[in-house]
Amino acid sequence: MRGNKKLLLISLALLFAFFIPFISARAEGLSYKAVLDGRDITNVLSDEDYSTTVKLYSGNKIVVTSDSPMQGIYLEWDRVPSEWLLIENDKTSSFGTHGFLHEYAALSSPGSSVTIEAKDTMTLCGIRAVPVGTDPKTIAQVWEEPTEKTDFLVFSTHSDDEILFLGGMLAKYGGGEGLSVQIAYLTEFWDTEPVREHEKLDGLWESGIRRYPVDGGFRDYYAADLDEALLKYDHDKVLSFVVSTVRRFKPLIVVTQDLNGEYGHGGHRLLAKCVTEAVEGSLDPSFYPASANEYGVFDVKKTYLHLYPENTITLDVRQPLPAMGGRTALEVARDSYKKHVSQQKYWFYVTDDPKDYRASEINCSKFGLFRTTVGNDTGMNEMTENIITYEEEERLAEEKRQEEIRLSEEAKRASSSASIERERLQSDAASREALSSSVRDSQKLQEENDSKAASDKRLIIIVILLCVLAGTVLLLAIWRQRARKKRKRKKKRRSI
């Protein structure tokens with residue numbers, strides 16, 4: 001009996017361990033019901049299996065309802081969709097215009113029902129309903145469009161190479177430090193293994209990469225060495241793609257695979273060769289002039305190659321990353337590689353252990369600085385040494401702009417104060433001039449009055465003198481007349 005109990009407990013524990021991932025997965029989003037033209041397709045779209053699909057034709061509508069309000073829905077398409085419509089109440093929004101295989105559609109307002117309408121033939125793999133109050137990025141892949149000016153541009157030959165060989169730096173700088181990282185793949189798998197296109201996105205998202213990847217559209221061909229790769233791929237077209245991508249995204253740092261192809265893979269060798277040629281020529285406008293005309297020329301500051309033996313650095317991929325839930329970059333890379341489910345049957349694995357017997361081929365922490373315009377590394381084991389990221393550059397530019405605004409405002413205030421002072425001085429000068437003019441006018445008036453008074457005084461004196469003279473003449477005349485009369489009387493008396 002005791003043995004049976006023990007066996008029962010072990011069985012229950014195993015069952016619990018088996019089912020808990022699925023329980024957790026279902027807890028990620030809301031339970032919902034999806035109906036296409038009256039047919040319940042919920043199980044097909046919620047089984048998290050890319051191989052089970054629902055085909056839609058133009059005008060087909062899927063009605064998604066949930067018991068609790070949704071803030072958005074996440075759709076996984078079987079192929080990159082064309083335009084489709086999201087209908088909520090009386091509002092219709094257009095999606096499918098960014099070329100995202102996995103796409104998040106935010107509702108304009110929370111609701112328990114939403115309709116997806118196809119405008120063309122398209123195939124859907126899965127749906128998740130995102131509950132209100134939840135960060136959509138914990139449930140859905142909310143991709144950002146590829147944009148110009150990226151801190152890191154990472155070239156990968158295949159989907160999974162970026163994790164196996166470069167995954168440590170992706171997790172460290174992309175997920176851990178939140179720098180802008182753009183991935184560019186040489187090949188695509190639509191005609192060979194389409195599921196790898198989904199695994200590509202799942203692995204990148206797990207690594208903390210948020211910019212949607214791009215690819216060169218080259219079919220995947222196995223090549224045992226570089227010579228075979230040059231026969232299967234057009235070197236000129238591959239190089240043209242790499243140069244165009246460098247000029248388009250203007251990366252501060254380029255990272256790519258081993259010149260020896262890690263374990264000798266010819267495709268890896270071809271891509272690494274083309275990257276080295278591209279960064280040497282991307283500043284020359286005559287080097288693939290079509291992309292120079294479209295994007296302008298550009299010179300990458302630093303270029304790292306996986307396992308390159310010169311100017312080597314060893315990234316610390318065992319430091320816990322708070323932004324990645326405390327996982328190390330190595331742990332994140334290993335978790336990311338697990339997302340490449342179709343590749344788990346092969347021998348590949350993620351490691352940084354120098355004692356590993358395959359470390360010389362696959363060690364994800366070992367790189368070498370192939371080319372630099374900002375000086376060699378000094379042993380810090382940081383790819384960002386001597387680099388000012390675009391975000392930091394913008395911050396510094398903003399600080400400079402704010403400082404210029406502050407200085408300009410201070411200059412304006414100083415100029416205004418100087419202007420006010422000049423106006424005051426001018427006003428004082430004008431007042432003094434007015435006062436001086438008034439004094440001069442007063443003095444002039446006084447002088448004129450004084451002059452007039454003096455003139456009047458002279459006139460009075462002249463008049464008085466004339467009067468005195470006239471009086472004197474008159475008295476003299478009277479006196480003479482009296483004297484004549486007196487002489488006449490005396491003469492008359494003598495004659496008598």
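Start with helix H7: select residues 235–249. Its 15 residues, at 1.5 Å each, should span 21 Å, and the end C-alpha atoms lie 21 Å apart, so expectation and model agree. Bear in mind that this model is predicted.

**Stop 1: around H7**

Show the side chains of H7. Its buried residues are Val238, Leu239, Phe241, Val242, Val243, Ser244, Thr245, Val246, Arg247 and Phe249. Arg247 is in that buried set, and so are Ser244 and Thr245.

What covers these residues? Turn on strand S9 (152–156), strand S10 (181–188) and strand S11 (214–219), which are part of the cover. Then add helix H9 (266–281) and helix H10 (289–295), which also belong to it.

Now go to the start of the helix. Select Asp234 and Asp236. A side-chain oxygen of Asp234 comes within 2.9 Å of the backbone nitrogen of Asp236.

Move to the other end. Lys250 follows H7, and its phi is positive, near 45°.

**Stop 2: helix H9**

Select 266–281, one of the elements that cover H7. The 16 residues of H9 should span 22 Å at 1.5 Å a residue; the end C-alpha atoms are 23 Å apart, which agrees.

How many of the 16 residues of H9 are buried? The count is 12, so H9 is largely enclosed by the rest of the structure. Colour them to see the pattern: Gly266, Gly267, His268, Leu270, Leu271, Ala272, Cys274, Val275, Thr276, Ala278, Val279 and Gly281. Three glycines are in that list: Gly266, Gly267 and Gly281.

**Stop 3: Tyr288**

Leave H9 and follow the chain towards H10. Tyr288 sits in the loop between these two helices. Check its backbone: phi is positive, about 55°, although Tyr288 is not a glycine. Is the residue buried or exposed? Tyr288 counts as buried because its relative accessibility is 18%, and the cut-off for buried is under 20%.

**Stop 4: the loop between S15 and H13**

Select strand S15 (366–372) and helix H13 (390–495), then the loop between them, where Thr389 is found. Asn381 lies in this loop too.

Take Asn381 first. Its phi is positive, near 60°, and the residue is not a glycine. With a relative accessible area of 28%, Asn381 is partly exposed.

Next, Thr389. At 14% relative accessibility, this residue counts as buried. Which residues is Thr389 in contact with, leaving aside neighbours within four places in sequence? Show Asp151, Leu179 and Leu252.

**Stop 5: the second largest pocket**

Select Arg196, Tyr263, His265, Gln343 and Phe348. Of the 16 residues that line the second largest pocket, these lie nearest its centre. The space inside is about 260 Å³.

Colour the lining by type. It divides into seven nonpolar, four polar and five charged residues.

**Stop 6: Leu36**

Finish at strand S1 (residues 32–36), where Leu36 lies. Leu36 counts as buried, at 4% relative accessibility.

Show its surroundings. Beyond neighbours within four places in sequence, Leu36 is in contact with Ile41, Val54, Lys55, Leu56, Asn60, Lys61 and Ile62.

Then zoom out and add Arg424. How far apart are Leu36 and Arg424 in space? C-alpha to C-alpha, the distance is 82 Å. In sequence, 388 residues separate them.

Note on methods. Residues numbered from 1 in each chain as written. Predicted model: local features only at pLDDT ≥ 70, side-chain atom pairs only at ≥ 80, totals over all residues. Heavy atoms only, no water. Helix = DSSP H or I, 4+ residues; strand = E, 2+ residues; numbered from the N terminus. Expected span 1.5 Å × (residues − 1). Buried < 20%, exposed > 50% of the residue type's maximum accessible area, 1.4 Å probe, protein only. Contact = heavy atoms within 4.5 Å. Polar contact = N/O pair within 3.5 Å; in protein donor to acceptor, adjacent residues only side chain to side chain. 1 Å grid on protein atoms, 1.4 Å probe; cavity = no way out; pocket = protein on both sides within 12 Å on 5 of 7 lines; lining within 4 Å. Points joined across faces, edges and corners; volume = space filled by probe spheres on them. Nonpolar A, V, L, I, M, F, W, Y, C, P; charged D, E, K, R; others polar.
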